[in-house]
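Visitor: I should like to understand this structure step by step. May I put some questions to you?

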Amino acid sequence: MQIYKVGGAVRDRLLGKPVTDIDWVVVGATTEEMLAKGFRPVGADFPVFLHPKSGEEYALARTERKSGRGYGGFTFHASPEVTLEEDLIRRDLTINAMAEDDQQNLTDPYHGQQDLEARVLRHVSPAFAEDPLRVLRVARFAARYAGLGFTVAPETLELMRHLSESGELEALTAERSWKEIARALMEDQPQVFIEVLRECGALKVLMPEVDALFGVPQPEAHHPEIDTGVHTLSVLEQAALHKQPLTVRWACLLHDLGKGLTPKDEWPRHIAHEHKGLKLIKAVNERFKAPKDCQELALLVGEYHTHGHRALELKPSTLQELLQSFDVYRRPQRFEEFIAACEMDARGRKGLEQRSYPQADYLRGAATAARSVAVQPLLEKGFKGPDLGEAIKRERLKALKAYKEQA
Ligand code: CTP
């Protein structure tokens with residue numbers, strides 16, 4: 001049997017990037033031979049094994065034939081006769097379809113190296129269409145390598161458009177899609193992920209609520225970029241520049257969905273968009289089964305981001321309600337993430353990227369003031385049960401009034 005390094009490990013070494021995961025392909029072996037060497041099989045009829053020591057993935061060279069829709073709709077044909085070239089041709093992109101032996105000799109039948117140099121993300125063959133998840137993968141790679149100058153080849157974009165229009169994307173499971181979305185949002189230029197999805201028509205299928213924001217105007221005084229979709233991309237870009245976590249990036253992407261529902265005759269104003277957007281945010285959250293912390297933050301940011309911007313004008317009682325809505329006394333981190341999302345929203349506007357955001361420290365100070373109310377003295381005064389709750393609220397309100405006066 002011959003063993004080759006394949007996929008991302010080869011690509012990233014040639015790009016001079018750090019290699020984390022190594023995938024291997026094994027040519028000329030049978031399942032029985034792999035088991036005899038101590039490899040552990042992954043899944044039942046999937047010809048992938050884990051190395052007994054390193055735990056790295058070793059896949060038998062295979063050809064793939066589509067037999068149904070979506071994931072699990074594949075049948076795999078792996079046999080010792082399948083050649084390296086036959087295995088590579090069924091992979092997604094030419095830059096992912098190179099193999100390397102233990103002497104670092106490159107097998108590159110589909111000109112991946114040429115495309116690496118030309119900075120092109122190009123599909124290897126029509127077999128690309130066998131897995132619709134690849135539409136998201138290509139957009140994710142575009143987000144990752146945009147900084148290096150990579151773009152999607154026009155013919156690949158065309159194929160992605162075809163897949164998006166064919167209804168194939170609907171067959172993807174929430175879990176597979178979310179994994180790609182989450183990874184893409186954590187790339188250096190997550191806005192490119194959304195742009196590429198939009199360009200090939202996949203955004204309209206996956207997140208029509210986000211797609212609908214393009215072409216919707218906002219008041220120029222606050223939004224020099226005017227377009228709500230463009231604004232959303234800029235907010236995401238800022239979130240990445242400021243190294244925000246996934247929760248914040250997800251909330252940034254969804255914060256203005258309500259603006260897509262505004263009747264045209266109300267444009268460019270978006271009255272109560274915060275509230276109107278909640279059902280859309282909920283729908284997107286559920287569609288992809290986003291993790292709970294992402295779901296929660298997106299809903300809270302959707303509902304309260306304009307409170308964040310108006311923080312300095314809020315009455316103490318409104319500030320208190322805001323802090324309460326975030327359960328800031330038990331979940332201080334989530335409030336920090338809210339502040340971060342608001343700041344990204346404020347900066348994700350044309351020409352305003354460097355603006356200061358005094359609301360952030362003001363909100364932090366308010367949370368500290370409210371949190372500094374000590375419970376012990378109230379207990380000593382004999383408060384308990386619901387009375388204690390009321391007494392704490394009164395003291396917090398007092399603390400917030402004092403905070404607002406001295407701020
Ligand atoms: N692959 C594919 N189609 C998919 C998933 C994977 O063709 N839907 C192939 C590609 O050749 C890819 C390899 O399997 O390079 C390994 O896949 P994976 O580990 O998911 O991705 P990497 O390319 O290693 O990229 P990353 O750096 O994102 O892990």
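The conversation below covers the ligand, the sheet and two unusual backbone sites.

Visitor: Before we begin, what kind of model is this?
Guide: Residues are numbered from 1 along each chain as its sequence is written, and side-chain values use heavy atoms, with hydrogens and water left out. Local features need pLDDT of at least 70, side-chain atom pairs count only at pLDDT 80 or more, and totals for chains, interfaces and linings use all residues, for this is a predicted model.

Visitor: How many residues surround the ligand?
Guide: A residue is near a molecule or strand if one of its heavy atoms lies within 4 Å of it. The closest to the ligand are R11, D92, R140, R144 and R183. The number of residues that surround the ligand is 14.

Visitor: How many residues of the shell around the ligand are charged?
Guide: Ala, Val, Leu, Ile, Met, Phe, Trp, Tyr, Cys and Pro count as nonpolar, Asp, Glu, Lys and Arg as charged, and the others, Gly among them, as polar. By these classes the shell has 1 nonpolar and 3 polar residues. The charged residues number 10.

Visitor: Which element gives the most to the shell around the ligand?
Guide: Helices (H or I, at least four residues) and strands (E, at least two) are DSSP runs, numbered from the N terminus. The most residues given by one element is 5. The element that gives them is α5.

Visitor: At what distance is a polar backbone atom of D92 from an oxygen atom of the ligand?
Guide: A polar contact is a pair of N or O atoms within 3.5 Å; within protein, one must be able to donate a hydrogen and the other to accept it, and residues adjacent in sequence count only if both atoms are side-chain atoms. A side-chain N or O atom of R91 is 3.1 Å from an oxygen atom of the ligand, and a polar side-chain atom of D131 is 2.9 Å from a ligand nitrogen atom. For the backbone atom of D92, the distance to a ligand oxygen atom is 2.8 Å.

Visitor: What is the order of the strands in the open sheet?
Guide: Two strands pair if DSSP finds at least two bridges between them. The sheet has 7 strands with mixed pairing. Since β3 (40–42) and β9 (106–107) stand at the edges with a single partner strand each, one side of each is left without a neighbour in the sheet. The order is β3-β4-β5-β2-β1-β8-β9.

Visitor: In which sense do β2 and β5 pair, parallel or antiparallel?
Guide: β4 (residues 48–50) pairs with β5 (residues 57–60) in the antiparallel sense over 3 bridges. β1 (residues 2–6) pairs with β2 in the antiparallel sense over 5 bridges. β2 (residues 23–27) and β5 have 4 bridges, and their sense is parallel.

Visitor: Which residue stands opposite D23 in β5?
Guide: On β1, V6 stands opposite D23 in β2. On β4, L50 stands opposite a residue of β5, namely E57. The residue of β5 opposite D23 is E57.

Visitor: Which residue is joined to P268 by a cis peptide bond?
Guide: P268 is found in the loop between α12 (246–254) and α13 (273–276). The bond has an omega of about 0 degrees, and the partner is W267.

Visitor: What is the phi of R119?
Guide: R119 lies in the loop between α4 (112–118) and β10 (120–121). Although R119 is not a glycine, its phi is positive, at about 60 degrees.
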